[in-house]
Amino acid sequence: MKLSQILFSQGFGTRRVCFGMIDAGLVRHEGRVLDDPHEDLDTDGLVLTVEGKPWPFHAKALILLHKPAGFECSQKPKHHPSVMTLLPPPLRNRGVQPIGRLDEDTTGLLLLTEDGTLIHKLTSPKHHVPKVYEVGCKHPISDEQVERLLAGVVLDDDPQPVKAAACERVSEHHLRLTLTEGKYHQVKRMVAAVSNRVETLHRSSFGHLVLPPDLPAGQWRWVDGWPK
C-alpha cells in the first residue's frame, strides 16, 4: 500500500494532511525518514513512527480501554466527557466506537472498534460472549441471592427471566457476575431484583480478554484481532 494511503487509512487526516506530514519529514520507518508519499510498503507487521510516536498498522482497529468513572460511552455525551476523548485523534478520526456500553459510574474493560461486523458479533446475544463484572453490593450477599441470580430473575421490561451465566460470592459484599447478554443497566437491575443494591461496578473481562493489571485507568492498548 502507498505510504499516503496508509496514513489516510490509519486516521491521520485528509489526504492533503497526510501528504503534508510526509513532506514535513514526520513519518519514519526503522529510523529512515519516508519522504515519498507514493512509496509502496508491506503493511504486514508494519510499524511507522509518526511525529515521534510508534504506530502499528491495523486494517481494522480493536482497542482495549481501561474505562475510568466519570465518562460516557457515547459519541454525543450529555452530562460527562465521552470515552472518545481518552483516545488519540487518529482513532477518533477512524470512527471507532464502543462495543456495548458501560454506565458513567462503571469502570473496567471497554472494547472499541470501527468494524461493524465485529461489533454485531460481540453484542449479539446469540453469540453468548461472556462478560465478567466485579460487583460491590450495599448489603451482605446471601446464598439465596446467588441462587436466584443463577436461576433467573424477571426485569421490569421483559417477562422472560434473565440469569447469570456464572455467579460467585467473593466476599460478604463482593459479587462476581458473568453475563452473556447486555440489557440496559442489566447488572444493577438484576441485583436490585434480589433485594440488594450495586454500589460499585467494574468489568474485569470480555470474552477471552482480561483487563491487564498494569493498564492504568484512562489508558488503552491495541488488541491484535479477535478469534474466529
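This passage describes the empty spaces in a predicted model and one of its helices.

Rolling a probe the size of a water molecule over the atoms shows where empty space is left. In this model, the search found one cavity of 30 Å³ or more. The volume of this largest cavity is about 30 Å³. Its lining is made up of Cys-137, Ile-141, Gln-145, Leu-149, Leu-175, Val-191, Val-194 and Asn-196. Six of the lining residues are nonpolar and two are polar. No charged residue lines the cavity.

Open pockets were examined next. The largest pocket has a volume of about 730 Å³. A total of 29 residues line this pocket. Those nearest its centre are Arg-101, Leu-102, Asp-103, Tyr-184 and His-185. Three elements give two or more residues each to the lining: strand β8 (131-137), helix α6 (186-193) and strand β13 (198-206). By class, the lining holds 11 nonpolar and 11 charged residues, along with seven polar ones.

The second largest pocket encloses about 280 Å³ of space. Its lining numbers 14 residues. Phe-12, Lys-53, Trp-55, Pro-88 and Pro-90 lie nearest the centre of this second pocket. At least two lining residues come from each of β4 (53-56), α3 (89-94) and β15 (220-222). The lining of the second pocket comprises 10 nonpolar, two polar and two charged residues.

Helix α4 spans residues 116-123. Within this helix, Leu-118, Ile-119 and Leu-122 are buried, with under 20% relative accessible area. Viewed down the axis of α4, the buried residues fall within an arc of 105 degrees, so they line one face of the helix. The spacing fits a general rule. An α-helix has 3.6 residues a turn, so residues three or four places apart point the same way.

Several strands take part in covering the buried residues of α4. Among the covering elements are β5 (62-67), β6 (97-98) and β7 (107-113). Strands β8 and β13 also belong to this cover. These two strands contribute to the lining of the largest pocket as well.

The N-terminal end of α4 is capped by Asp-115. A side-chain oxygen of Asp-115 lies 3.1 Å from the backbone nitrogen of Thr-117.

Conventions: Residues are numbered from 1 along each chain as its sequence is written. This is a predicted model: local features need pLDDT of at least 70, side-chain atom pairs count only at pLDDT 80 or more; totals for chains, interfaces and linings use all residues. Side-chain values use heavy atoms; hydrogens and water are left out. On a 1 Å grid over the protein atoms alone, a cavity is a set of points where a 1.4 Å probe fits but cannot get out, and a pocket is an open set with protein on both sides within 12 Å along at least five of seven lines; lining residues have an atom within 4 Å of a point. Grid points are joined across faces, edges and corners, and a volume is the space filled by probe spheres set on the points. Ala, Val, Leu, Ile, Met, Phe, Trp, Tyr, Cys and Pro count as nonpolar, Asp, Glu, Lys and Arg as charged, and the others, Gly among them, as polar. Helices (H or I, at least four residues) and strands (E, at least two) are DSSP runs, numbered from the N terminus. Buried means under 20% relative accessible area, exposed over 50%, partly exposed in between (1.4 Å probe, protein chains only). The arc is that of the directions from the helix axis to the C-beta atoms. Contact means heavy atoms within 4.5 Å. A polar contact is a pair of N or O atoms within 3.5 Å; within protein, one must be able to donate a hydrogen and the other to accept it, and residues adjacent in sequence count only if both atoms are side-chain atoms.
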